[in-house]
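Got your viewer open and a selection box handy? Here is a tour, one stop at a time, with something to pick at each.

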Amino acid sequence: MLHKLNSLEYSNLIDIANTHDCGSVYPLSVAEGIQKGDIFTNSVKDCEKVLFWVHSGFAYCSGNIDEYFLEDIYELMLDRNKSNTKRFLLMTRDRYIQKYFESKDDIVEEKRYLFQYSGAKGYIESSLPDGYELKEIDKRLLKQLSGKIVPSLFWKDVNDFLVKGKGYCITCNNDIASWAFSAAVSTKEIDIGIETKPEYKQKGFGMIVANKMIQYTMEQAKTPVWACHYKNVASEKIAEKLGFIKVSECSIIKSKD
């Protein structure tokens, strides 16, 4: 059975979180105590096998993973008793882990593209049409945001995001058209989340807010991080225009339910 660590023990796992092959920003955000999440090990004394499960539901395995550890993860993923309040999406490039879950009929595997920031972008920021404004996301705007990719999915609460995160949006009158924000924060990286409402797409707004987040990230002496679902063509195109290069992909393993 998985052993859930006390949050006071999280900092002991920083080194192993830093080595994850699907990107380290999410496991580090938890290990460094910046964002909410759970860390599980094989036992009280054995920390060679580690599972990082962040607030957004993203999960990452590190260490010398074996079948017994994967069986416990499988049960956590299925959540037969419906006791988990957050989703479980296991990110991995490990072929051993992938093969284990391929044999499960109640599990589905998808793909996630991983990008690296090159620092060399050809994008020139355009001006906004009349009536539109670029704003930093504050408490009032944060409460107005609604969509699939929003800060509330990644952060414990409003205050946690406002203190440790950052975001920008484009507004039109009382409506929020597009936004980008820090979905994950570590001491060295910031993962950028982005969304544009359907009625405001094809106007370049996503590029503008994402570019603003890149500028902020660089000002913090950190590296911007980008990843997206393999079917999210729009996100992939924005990333490439902003200077990100697709370097690899990983599996997203989750319950069919």
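Whenever this tour says that two residues touch, or are in contact, it means that they have heavy atoms within 4.5 Å of each other. One more thing before you start clicking: this is a predicted model.

**Stop 1: the main core**

Select W226 and show its surroundings. Leaving out residues up to four places away in sequence, W226 touches Y113, L114, F115, D191, I192, I194, A210, S235, I238, A239, L242 and F244. Now zoom out a little. W226 is among the residues with the most contacts inside the largest nonpolar core, along with Y26, I39 and F52. That core has 67 residues. Apart from it lies another core, this one of 21 residues, and F69, M77, L78 and Y100 are among them.

**Stop 2: helix α4**

Y100 is a good handle for the next pick, so to speak: select residues 95–102, which make up helix α4. Which residues of α4 are buried? They are I97, Q98, Y100 and F101. They sit on the same side of α4, because the arc they cover around the axis is only 160 degrees. In general, an α-helix has 3.6 residues a turn, so residues three or four places apart point the same way.

What do the buried residues of α4 pack against? Colour these elements to see: β4 (58–63), α3 (67–78), β5 (89–92), β6 (107–117) and β12 (244–255). Before leaving, look at the start of α4, where a side-chain oxygen of D94 comes to within 2.8 Å of the backbone nitrogen of Y96.

**Stop 3: the largest pocket**

Turn on a surface or a pocket display. Rolling a probe the size of a water molecule over the atoms shows where empty space is left. The largest pocket holds about 1,200 Å³ of space, and its lining is made of 38 residues. To centre your view, pick I149, I194, E195, N232 and S235, which lie nearest the centre of the pocket. Two of these names will be familiar: I194 and S235 also turned up among the contacts of W226.

Which element gives the largest share of the lining? That is β10, with six residues. At least two lining residues each come from β6, α6 (151–154), β10 (189–196), α8 (205–219), β11 (223–229), α9 (233–241) and β12.

**Stop 4: E236 on α9**

Stay with α9 and select E236, which is found in that helix. Is E236 buried or exposed? With a relative accessibility of 15%, E236 counts as buried, because the cut-off for that is under 20%. Beyond its sequence neighbours up to four places away, E236 touches Y113, F115, C228 and K246. Draw a distance between the side chains of E236 and K246, and you will find a polar contact of 3.3 Å. Then try the C-alpha atoms of E236 and Y113: they are separated by 8.2 Å, although the two residues are 123 places apart along the chain.

**Stop 5: the cavity**

Next, go for the enclosed space. There is one cavity of 30 Å³ or more, and about 40 Å³ of space lies in the largest cavity. To see its walls, select Y26, S29, Q35, K36, V54, H55, S56, F154 and A183. Y26 is one you have met before, as a well-connected member of the largest core.

**Stop 6: D160 on α7**

Select residues 158–164 for helix α7, and find D160 there. D160 is another buried acidic residue, at 10% relative accessibility. Its contacts, not counting residues up to four places away in sequence, are I34, W155 and G165.

**Stop 7: three loop residues**

Start with K197, in the loop between β10 and α8. K197 counts as buried, at 19% relative accessibility. The side chain of K197 reaches the backbone oxygen of I176 at 3.5 Å. Aside from neighbours within four places in sequence, K197 is in contact with D175, I176, A177 and W179.

Q202 also lies in the loop between β10 and α8. Q202 counts as exposed, at 82% relative accessibility. Check its backbone too: the phi of Q202 is positive, about 65 degrees, although Q202 is not a glycine. Most residues other than glycine have a negative phi.

Finish at N173, in the loop between β8 (167–172) and β9 (175–185). The phi of N173 is also positive, near 55 degrees, and N173 counts as exposed at 68% relative accessibility.

Methods. Residues numbered from 1 in each chain as written. Predicted model: local features only at pLDDT ≥ 70, side-chain atom pairs only at ≥ 80, totals over all residues. Heavy atoms only, no water. Core = buried A, V, L, I, M, F, W, Y, C linked by side-chain atoms within 4.5 Å. Buried < 20%, exposed > 50% of the residue type's maximum accessible area, 1.4 Å probe, protein only. Helix = DSSP H or I, 4+ residues; strand = E, 2+ residues; numbered from the N terminus. Arc of directions from axis to C-beta. Polar contact = N/O pair within 3.5 Å; in protein donor to acceptor, adjacent residues only side chain to side chain. 1 Å grid on protein atoms, 1.4 Å probe; cavity = no way out; pocket = protein on both sides within 12 Å on 5 of 7 lines; lining within 4 Å. Points joined across faces, edges and corners; volume = space filled by probe spheres on them.
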